[in-house]
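I opened this notebook to record what I looked up in the structure. The entries follow in the order in which I made them.

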Amino acid sequence: MHYYLDAFKKYAQFSGRARRAEYWMFQLFNIIAMLILFVLAVAVTKVFFVLYGLYALALIVPSLALTWRRLHDTGRSGGWFFISFVPFIGGIWLFVLTLLEGDRQGNMYGPNPKAPAGVPQY
């Protein structure tokens with residue numbers, strides 16, 4: 001749950017790096033929440049469609065920032081996000097990039113988020 005809250009604490013922070021666990025736990029929580037809201041909207045009342053839409057709108061900036069930081073962890077510019085707009089293959093390529101392990105050492109976007117504090121990174 002802290003991964004989800006951390007993404008909102010870093011709401012529009014596009015610098016730094018994000019671990020795979022941070023990215024995928026955030027995505028998992030969002031998928032579960034969206035499914036629950038959708039089922040409630042269909043089963044109970046249409047008011048939940050409004051909540052569904054508001055929740056989806058609220059996720060745009062944190063999701064983009066987290067994806068940007070995830071790409072930084074793999075040593076790529078956050079601009080690689082825009083590959084997702086390429087028809088057919090773009091979304092698949094972005095998916096693969098988010099699955100890749102991050103750089104073990106610090107890179108130009110910051111230190112390794114997995115490294116223990118106080119350990120020098122070259």
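**Entry 1: Phe-26 and the cores**

I looked up Phe-26 and, leaving aside its neighbours within four places in sequence, found it in contact (heavy atoms within 4.5 Å) with Tyr-3, Tyr-4, Ala-7, Phe-8, Leu-59, Pro-62, Ser-63 and Leu-66. I note that this is a predicted model, in which local features need pLDDT of at least 70 and side-chain atom pairs count only at pLDDT 80 or more, while totals for chains, interfaces and linings use all residues. Residues are numbered from 1 along each chain as its sequence is written, and side-chain values use heavy atoms, with hydrogens and water left out.

I then turned to the largest nonpolar core, a set of buried Ala, Val, Leu, Ile, Met, Phe, Trp, Tyr and Cys residues joined through side-chain atoms within 4.5 Å; buried means under 20% relative accessible area with a 1.4 Å probe, protein chains only. This core has eleven residues, among them Tyr-4, Ala-7, Phe-26, Leu-59 and Leu-66. Helix 2 gives the largest share of this core, five residues; helices are DSSP runs of H or I, at least four residues, numbered from the N terminus. I also found a second, separate core of five residues, which includes Trp-68, Leu-71, Phe-81 and Leu-97.

**Entry 2: Helix 4**

I recorded that helix 4 covers residues 60-73, 14 residues in number. Eleven of these 14 residues are buried, so helix 4 is largely enclosed by the rest of the structure. Among the buried residues are Pro-62, Leu-66, Trp-68 and Leu-71. Their cover includes helix 1 (2-9), helix 2 (20-43), helix 3 (47-58) and helix 5 (90-99). After helix 4 comes Gly-75, with a positive phi near 85°.

Terms used:
Helix = DSSP H or I, 4+ residues; strand = E, 2+ residues; numbered from the N terminus. Expected span 1.5 Å × (residues − 1). Buried < 20%, exposed > 50% of the residue type's maximum accessible area, 1.4 Å probe, protein only.
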